[in-house]
Amino acid sequence: MTNYSNYFGQILILIFSFFNLSCNDQKSHMLNIFVIPENAGSVTPLSGVYDHGSNVVLEAINNSDYEFTRWSGDISETSNPFSLTVESEINIVAEFSELNLPSKDSDGDGVVDSNDLCPNTISGFLVDDKGCKVKNEFDENYFLVWGDEFSYDGNLDNSKWHHQIIPPNNGSWWNGEAQHYTNNSKNSFVSEGTMKIVAIKENYTVDNSTKNYTSARLNSKFGFKYGRVDVRAKLPSTEGTWPAIWTLGTNINEVGNYFGDSQGSVGWPKCGEIDIMEQNGWNKNELYGYFHYANSQGVYNSHGDVTNINNTSGTYHVYSMEWTKDKIRILVDNKEFVSLNNTADVPFDNPHYLLLNIAIGGNLGGDIDPSFSQDIMEVDYVRVFQKE
Ligand SMILES: [Ca+2]
């Protein structure tokens, strides 16, 4: 009798072997790669499907502030790169750990984490040496965003200040003023913790236009919309000096100013002007705070007031402005003396920059003391604050 069972058994083995062989030949497997912590780094290659028997070289690449620790999941390895043969579906975890870097500054405020008592400072605010925002001394809702303490010597900090020196009105400045503005260090410099703007009686020629006085007119290289400005200053006292601490819209199209046409070109008075501090040349016991602007019909308008003040050249006063979407207030020594409602009819919702200057003569300087030789505006600090 033929042994069918043996014959059948051999066929079964053959079929099984063939099936098994062909399966293994064509089989592919999923390689799943995970990174912990998620933002700590990456692995090459990425997760994917690999043929059975493939050799894969895994390399873990750390992001800054992290280092690779080990491979885990279905394997346990520390070498990197690491080579493995794919023979089944495999899950691999690349583990990283955060470096405890002495130079790490998580909130990017310039103070390293180990010294930072306020490690989550919002970008845009300046901080003290403890990494904490600097509160306004008059209003705790405001924090420092820009300023100059003038704690250096020599030329003004070029990263903060622009000298406006091109006369915009046919070789002259506006308002019949008698000076040229220069970037000469004798007209503006920093010493002993304060910045000096010095108006000097001297002949000076620009483009064939000669004036008998020089001075400086500074633009902040910083524009801001809403906030509080505090400038602590002593003012010149000589008859004919017209000191000013003020703002213009960064969209003004005035030739030679810092912003040029980079933020628009609407012209004056559409750009808006806020006079935080002005004095005339003949009464140094008066202080002007004024707003000049074009109303919503494009018509020039102004609003302002005058207040009494004593000893502006002998003692420091703080000249301030608080600007919100609802109101603009002008203050001296934190006492408001004029304000403007910031309605749809006034154009004070675009960024402004700061100007500091001494003009000589002209509309608000008036007659110049014939014995004038020079006079100074001395500025202890300029600070701009905003709310969070
Ligand atoms: Ca920090």
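The radius of gyration here is taken over C-alpha atoms, and the globule rule is 2.2 Å times the number of residues to the power 0.38. This is a predicted model, where local features need pLDDT of at least 70, side-chain atom pairs count only at pLDDT 80 or more, and totals for chains, interfaces and linings use all residues. Residues are numbered from 1 along each chain as its sequence is written.

Q: What radius of gyration does the chain have?
A: Let's start with the yardstick: a compact globule of 388 residues would come out near 21 Å. Along its principal axes, the C-alpha trace spans about 140 × 45 × 45 Å. The radius of gyration of the chain is 36 Å.

Q: What distance separates the centres of domain 1 and domain 2?
A: The domain bounds come from an automatic or database domain assignment. This assignment places domain 1 at 4–98 and domain 2 at 143–386. Taken over C-alpha atoms, their centres are separated by 71 Å.

Q: Which strand gives the largest share of the largest nonpolar core?
A: A nonpolar core is a set of buried Ala, Val, Leu, Ile, Met, Phe, Trp, Tyr and Cys residues joined through C-beta atoms within 7 Å; buried means 20 or more other C-beta atoms within 10 Å of a residue's own, with C-beta atoms placed from the backbone. The largest one has 58 residues, and I245, I276 and V379 have the most contacts inside it. Seven of its residues, the largest share, come from residues 352–360, a strand (a DSSP run of E, at least two residues, numbered from the N terminus). That strand is β23.

Definitions and conventions
A residue is buried if 20 or more other C-beta atoms lie within 10 Å of its own, exposed if 12 or fewer, and partly exposed in between; C-beta atoms are placed from the backbone. Helices (H or I, at least four residues) and strands (E, at least two) are DSSP runs, numbered from the N terminus.
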